[in-house]
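Let's take a relaxed walk through a protein model, stopping at a handful of residues along the way. Have the sequence and the 3D view ready.

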Amino acid sequence: MKKKQSKKKNFTKKKKIVESDAFRSIEKKVPTITSNTKKSTGIPKYVADRMARRIFFTAGIPTIMGMSVFVVSYIIVTRNIAEIPPSSTIAISALFFLLGLGGLSFGILSASWDKEPGSFFGIENIPLNIERAKAAFKPASQNFDKKQ
């Protein structure tokens with residue numbers, strides 16, 4: 001039996017691309033549509049900076065302390081200064097992490113949305129910011145069918 005021979009494609013005939021033609025399609029400018037109305041749905045920069053500062057102090061410091069509990073506990077136990085049960089190390093560390101989680105919420109909710117910084121702790125802004133958060137989810141909840 002005779003084997004079928006496959007047709008060999010001739011790859012030697014390649015088109016030569018001139019350098020000026022190679023980038024011609026890239027250089028074509030695509031018209032961009034710009035709208036004159038600017039929607040501002042995000043958090044303003046000055047408010048975000050204020051939140052970040054509050055979060056650093058109210059969440060960052062307790063979180064760092066929660067991690068340092070393990071290091072301090074290790075040093076105390078390895079140098080035979082005191083006998084610390086592992087459950088107390090974990091409990092104290094968890095307490096600091098929970099404090100950091102509460103600080104994260106406090107840092108976000110206590111930031112003032114005004115141009116002026118507001119008070120030092122910002123406790124008066126918490127109810128207002130909770131209402132803003134509820135209002136942000138209100139349009140999505142209006143479309144929910146209650147008959148399901």
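What follows is a short tour of a loop, some aromatic rings, a surface patch and a helix residue.

## First, a word on the model

Keep in mind that this is a predicted model. Every value below was computed from it.

## Ser110, tucked into a loop

Start at Ser110, which sits in the loop that runs between α4 (86-109) and α5 (126-142). Is Ser110 buried or exposed? Its relative accessible area is 0%, and since anything under 20% counts as buried, Ser110 is buried.

Who are its partners? If you skip the neighbours within four places in sequence, Ser110 is in contact with Arg54, Phe121, Gly122, Asn125, Ile126 and Asn129. There is also a polar link to look for: the side chain of Ser110 reaches the backbone oxygen of Phe106 at 2.7 Å.

## Gly122, a partner in the same loop

Now hop to Gly122, which also belongs to the loop between α4 and α5. Gly122 has 0% relative accessibility, so this residue counts as buried too. Ser110 and Gly122 are twelve residues apart along the chain, yet their C-alpha atoms are separated by 4.9 Å.

Which residues does Gly122 touch, not counting those up to four places away in sequence? They are Arg54 and Ser110. Remember that Arg54 is on the contact list of Ser110 as well. Along the chain, Gly122 and Arg54 are 68 residues apart, and their C-alpha atoms are separated by 9.7 Å.

## Phenylalanine rings in pairs

Time for some rings. A pair of aromatic rings can be described by how far apart the centres are and by the angle of the planes. How many aromatic pairs are there here? The count comes to two. One of them is Phe56 with Phe57, an edge-to-face pair with 5.1 Å from centre to centre and 75° between the planes. Phe56 is partly exposed, with a relative accessible area of 48%. Phe57, on the other hand, comes in at 52%, so it counts as exposed, the cut-off being over 50%.

The other pair is Phe120 with Phe121. Why is this pair called edge-to-face? Its planes are at 80°, and planes over 60 degrees apart earn that label because of the cut-off used. The ring centres of Phe120 and Phe121 are 5.1 Å apart. Phe120 is exposed at 72% relative accessible area, and Phe121 is exposed at 54%. You have met Phe121 already: it is one of the contacts of buried Ser110.

## A nonpolar patch on the surface

Next, look at the surface. Ile64, Met67, Phe70, Ile90 and Phe97 make a nonpolar surface patch of about 490 Å². Two elements give two or more residues to this patch: α3 (45-78) and α4. Which of them provides the largest share? That would be α3, with three residues.

Phe70 is one of the patch members, and it lies in helix α3. With 41% relative accessibility, Phe70 counts as partly exposed.

## Thr89, a last stop in α4

Finish at Thr89, which is found in helix α4. Thr89 has a relative accessible area of 8%, so it is buried. Leaving out residues up to four places away in sequence, Thr89 touches Val69, Phe70, Ser73 and Ile84. So Phe70 turns up twice on this tour: partly exposed in its own right, and in touch with buried Thr89.

Conventions. Residues numbered from 1 in each chain as written. Predicted model: local features only at pLDDT ≥ 70, side-chain atom pairs only at ≥ 80, totals over all residues. Heavy atoms only, no water. Helix = DSSP H or I, 4+ residues; strand = E, 2+ residues; numbered from the N terminus. Buried < 20%, exposed > 50% of the residue type's maximum accessible area, 1.4 Å probe, protein only. Contact = heavy atoms within 4.5 Å. Polar contact = N/O pair within 3.5 Å; in protein donor to acceptor, adjacent residues only side chain to side chain. Phe/Tyr/Trp six-rings, centres within 6.5 Å; stacked < 30°, edge-to-face > 60°. Patch = residues over 30% accessible without salt bridge, like charges linked within 9 Å, V, L, I, M, F, W, Y side chains within 5 Å. Areas by Shrake-Rupley, 256 points an atom, 1.4 Å probe, with all protein chains shown as cover. Salt bridge = Lys/Arg side-chain N within 4 Å of Asp/Glu carboxyl O.
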